[in-house]
Amino acid sequence: MTLVKISDDALALAGGADKLAKAFEDKGCEVHRTSSWGMQWLEPMVEIDGKGFGPATLDDVDAILDGSSDKGIGVIEEHPFIARQQRLTFARAGKTRPTSIDDYEDTGGWQAWKRVRTMEPAAVIEEVLASGLRGRGGAGFPTGIKWKTVAEAKSDRKYIVVNADEGDSGTFADRMLMEGDPYQLIEGMAIAAYAVGAQTAYIYTRSEYPHAIAKMEEAIRRAEPIIAPLHMEVRMGAGAYVCGEETSLLNSLEGKRGEVRAKPPLPALEGFMGKPTVVNNVLTIAAIPHILAEGGAEEYARLGVDRSKGTMPIQLAGNIKHGGLFEVAFGLPLGELVNEIGGGTFTGKPVKAVQVGGPLGAYIHPDQFDLVFGYEEFAAADALIGHAGITVFDESVDMGEMARFAMEFCAAESCGKCTPCRIGAVRGVEVIDRIRTGGRQRDILELRPQMHNTTKDKGREAAEEVGLLTDLCETMKFGSLCALGGFTPYPVMSALKHWPQDFFGESEVPAEMAD
Amino acid sequence: MSDKSQRIGEIIAAHAHEEGPLLPILHDIQHEFGCVDAETEEMLAKGLNLTRADIHGVVSFYHDYTPEADPRPVVQICRAEACKANGVEQLMGAAEAAAGGRVKLSTVYCLGLCSAGPAARTGDDLHIRLDEKAITKLIENV
Ligand SMILES: Cc1cc2nc3c(=O)[nH]c(=O)nc-3n(C[C@H](O)[C@H](O)[C@H](O)COP(=O)(O)O)c2cc1C
Ligand code: SF4
Ligand code: FES
């Protein structure tokens, strides 16, 4: 009987993978529903004897089986998109059935968990420190230091909270990991709990991810005897982007409004229910089983550049020819990721801009494509890698519109705790609108003689509005409590800097802004 | 005791052993009744020994909870950056025309399908690579 592998990842399902699987079964094939290889432009992809075919439709079934299909891509592991990767966190991607605990065990699962339990908790933390692993959720904080703080805190109860809120547009690695290799996340959580002395572990994920929730819950049920007495639970958010911020997440988990808390106290000391809590991103925790395997930490630390150690599951998204998941050691130039690995735009038009790091990340011009993928390297260019989503735009994009959207998004998702973000984002939309329509006339109030500081004979020109926008962005950057308000200026100001012509519409770009 | 308040009592009891049970409770209520209305907030306040203001503060914070039930079927369309890069805004005219008054279109920011947008969600079903024809068909058939 022919063995056919078809992914049951949400993206493959959206492309019709269930019907396709049924069609192969009807032809008498044995069908395994595996995780996704991450070559998303080929989903739903059909794998037979290691060879791939995609994107496959029902009409392709016969041709694939009789060998006459023109959708073949050859041996999947030899395809450049896969061959060029260094998959550690996504080592099982495409190969195993996500909720099969046997598949997991057969591919090295639970080995780190077994090894760890012969070690002192402090020695576990030492290895995490030695690996150089930094948080993959955005801020890049050293994971070992966070764990150490929690481990050394005195408390009767401690918690592990996995941040699976993945709100950044252009990112999907957390989703793929939870849907494709849930036991690896569970193993990482169990190790974290052992290292810091936690009794309970939560996974907080978004309501937009029903498939990931179902798979995680099934996997937790099956893994219960292995990780006992640790209690593990999935909790679902309720459609608030800001709940990805760790303190907002903790409030939400406690059943409160998802307002950001001021730090200190750090969640590591006073987190969930006021108890010491590790909050880590899915990818951070999922990297742990590899690191805690024999010799894993050294191998991890050998990869990468400078202080960006190990590998990063990069997500290629937007208008891109070869979109999907590309895990590689830090250090590749951005242009290589976009043009060589991603194959440029899907539409075939020139790349105009890429946004790295989700809605709070700067827009990067192709002139900066030699930028090397690493935390410090990006920070030095006023950009951030965030959760490592790369969203590509072709020349049809209006960057003035994208800057406006950045402000609009911030206004919609602000938790409301601080003024620069809550009010500033609303004003930001208005100022950008005025720039784009060439400034504005004085209003009735400003024309009153008592209003000494306004000129009466002419309105405010677009260039003056730019001054206002710049001021506003400074205020948001330095006056906001969290990165939602604090980083929204990055996409706005980078768009204005590199593409001023997209803001000024009919009126001309002011001389000081032209290149 | 009305049927509703009995059901809400049962939902509260089902989550009684959880730490911070309010969001799971609200999810169950939204799922079952299609909204979390003023009357429900009152009942929850009593059942959980909180004030109505506490409950309303939470309910009104999150996009997933609505104060009134909407009988229309819903199509969630992603309008975040990566889907914009793939042209979702150019589809909205056709989407609105197809929806008319019968279907509710709601905006979401990212469904995690960002390399294959424009993307949409109906219930637990996801849709990718939408063009004008596909989104019209999707909305008409929902
Ligand atoms: C507005 C906002 C949204 C965030 N969203 C997420 C998210 O979706 N997932 C995540 O892991 N971290 C997110 N973060 C970062 C978290 O606050 C925190 O740094 C992270 O969960 C820590 O885990 P790590 O050290 O493993 O990265 C967000 C931060 C901000 C300010
Ligand atoms: S910056 Fe915005 S989201 Fe962050 S705490 Fe302030 S109001 Fe809340
Ligand atoms: S941006 Fe639309 S699915 Fe992610």
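This passage walks through the interface between chains A and B and then two sheets of chain A, as they appear in a predicted model.

A good place to begin is where the chains meet. On the side of chain A, 63 residues are in contact with 36 residues of chain B. The area buried between chain A and chain B comes to about 3600 Å², and carbon and sulfur atoms give 57% of that area. Three residues stand out here: Ala238(A), Arg257(A) and Phe405(A) supply 16% of the area that chain A buries against chain B, more than any other three residues.

Polar links also cross the interface. Between chain A and chain B, 25 residue pairs are in polar contact. The rule finds 1 salt bridge across this interface; in a salt bridge, the side chain of Arg235(A) meets that of Glu18(B), at 3.9 Å from N to O. Several elements of chain A each supply at least two residues to the side that touches chain B, among them helix H1 (10–14), helix H11 (210–227), strand S8 (231–236), strand S12 (311–318) and helix H18 (399–413). Of the elements of chain A, H18(A) gives the most to this side, with 5 residues. Sorted by class, the side of chain A that touches chain B holds 30 nonpolar, 20 polar and 13 charged residues.

Attention now turns to the sheets. In general, the strands of a sheet pair through backbone hydrogen bonds, in either a parallel or an antiparallel manner. In chain A, an open sheet of 4 strands follows the order S8-S7-S6-S9, with parallel pairing. Because S8 and strand S9 (277–281) of chain A stand at the edges with a single partner strand each, one side of each has no neighbour in the sheet. From one strand to the next, the twist averages 20°. Within this sheet, S7(A) and S8(A) are paired in the parallel sense over 6 bridges, and Ile203(A) has Val234(A) in S8(A) as its bridge partner. Helix H9 (residues 173–180) of chain A packs on the sheet and touches strand S6 (159–164), S7 and S9 of chain A, its direction making about 115° with that of S6(A).

Chain A also has an open sheet of 5 strands, in the order S13-S12-S16-S14-S15, and here the pairing is mixed. Strand S13 (324–329) and strand S15 (363–364) of chain A are its edge strands, each pairing on one side only. S12(A) and S16(A) run parallel and are joined by 4 bridges; Leu316(A) stands opposite Ile390(A) in S16(A).

Methods
Residues numbered from 1 in each chain as written. Chains lettered and ligands numbered in written order. Predicted model: local features only at pLDDT ≥ 70, side-chain atom pairs only at ≥ 80, totals over all residues. Heavy atoms only, no water. Contact = heavy atoms within 4.5 Å. Buried area = accessible area lost by both parts, 1.4 Å probe. Salt bridge = Lys/Arg side-chain N within 4 Å of Asp/Glu carboxyl O. Polar contact = N/O pair within 3.5 Å; in protein donor to acceptor, adjacent residues only side chain to side chain. Nonpolar A, V, L, I, M, F, W, Y, C, P; charged D, E, K, R; others polar. Pairing = 2+ DSSP bridges. Axes fitted to C-alpha atoms, helices over the stretch in contact; angles between N-to-C directions.
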